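Please examine the sequence and the three-dimensional model shown below. The paragraphs after it consider a metal site and a bound ligand in turn.

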Amino acid sequence: MSNQPQRISNVSIATMTGDGYGLVPDGVVDFADGTITYVGSRVAAPKHHGAVFDGAGGLLTPGLIDCHTHLVWAGSRADEFSQRLHGASYADIAAAGGGIAATVRATRAATLAELIAVTEPRLQALMAEGVTTIEIKSGYGLSLSDERKQLSAARALAERAAVSVQTTLLAAHALPPEFKQRPDDYIDHIVQVILPTLVAEGLVDAVDAFCESIGFSIAQTEQLFAAAKALDIPLKLHAEQLSNQQGSALAARYQALSCDHLEYLDEAGVRAMAASGTVAVLLPGAFYFLRETQLPPLALLREYGVPIALATDANPGTSPLLSLQLMLNMGATLFHLTPEECLRGVTVNAAKALGLSDRGQLKVGQRADICCWKFSDAAELTYSFSSQRLAACWHHGVLRQ
Ligand code: DI6
Ligand code: FE
């Protein structure tokens, strides 16, 4: 955080307040101590004596927020990808010990230092495109010590890089080999041991689960949610990705921050999410990589006014993609979101999906997480993607190098 008052001038500003971009042409943003003190037109700006950054006619947006990632993993699943393209089925691969289980083995075998080392370049790739806040889930450890290792790696990365990290405990991602065919016992173990221990260690900002026919049932998810709620930990849910399990209605009942994926969400689920203010996090990278054909119910989400966010879902199995800008593009091309909806999905609504009210918009009092782009038309952000288009980026008021 820099104490010197700073100004960015000669820019258009997508404040992301109101319904669309909330555009301010020929604008100025001032900030001090990491907090925005003025956003508005240049002519109405207060006198300023500190440094001025010339935005060269570009666009300012809030720093981008990737609100759903599984960024910390070891190993690669490129071999499985190749096997599938040579004709092996997902079931063949799973039967041979592949899939999530393969990533769990590799992640368990890695040391904390190794996990940090393999994750750092992934984080840098996202940051190079303007990400200033990222959510990182566990879920490839599936034991107390290995879930701790994943979350600790995420926290350590936040210390080393100019980015804010929110950690989510996703111990209920898959069944570990120790609990083969005993999912209820594993949920008991999460509720009695993994969750309270890691919460006490301060490693858990939110709790998530994979509620799916091939994941955990509604009853198991609810048991976990009740335990997390009792500890005052916010909830998120992987819901209705491959089938409709009514996970979103359960999540809404527990006032979850977000439900994520949602290709198979129905109207009752949309209505429940609208009533609880739960954000719909859409993940076009997984949709694309799995060659999914069922589209999330965009018209219903709009009709009921459910806030929509977009994220990378970065993970080795279903979304091995490290570009949030690509997700903006896919949000439009694959899900038919407007460019305004796409940008809201990685700023104001992504902040909401993480329960963060201090970022995601450019307005007085918000954190000075700011991207300055080399173009002035906000639609460019959805139209194309590249790390070369970011002119400058401030994280908590500090210009990132
Ligand atoms: N949904 C997914 O698509 C990923 N996890 C989840 O809950 C899959 C993760 C993997 O295959 O490694
Ligand atoms: Fe995911």
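The account begins with conventions, then turns to the metal site and the ligand.

This is a predicted model, in which local features need pLDDT of at least 70 and side-chain atom pairs count only at pLDDT 80 or more, while totals for chains, interfaces and linings use all residues. Residues are numbered from 1 along each chain as its sequence is written, chains are lettered from A and ligands numbered from 1 in the order in which they are written, and side-chain values use heavy atoms, with hydrogens and water left out.

The iron ion (ligand 2) has as protein donors His68 (NE2), His70 (NE2), His238 (NE2) and Asp313 (OD), at 2.1 to 2.3 Å. Donors are N, O and S atoms within 2.8 Å of the metal (3.2 Å for Na, K and Ca); water is not among the atoms, so sites may look incomplete. Along the chain, these donors follow the spacing H-x1-H-x167-H-x74-D. Of the donor residues, His68 counts as buried because its relative accessibility is 0%, and His70 is buried at 2%; buried means under 20% relative accessible area (1.4 Å probe, protein chains only).

The residues around ligand 1 (a heavy atom within 4 Å) include His238, Arg77, Tyr140 and Gln241. An oxygen atom of ligand 1 lies 2.8 Å from a polar side-chain atom of Arg77. For Tyr140, the corresponding distance to an oxygen atom of ligand 1 is 2.6 Å.

Notes
Buried means under 20% relative accessible area, exposed over 50%, partly exposed in between (1.4 Å probe, protein chains only). A polar contact is a pair of N or O atoms within 3.5 Å; within protein, one must be able to donate a hydrogen and the other to accept it, and residues adjacent in sequence count only if both atoms are side-chain atoms.
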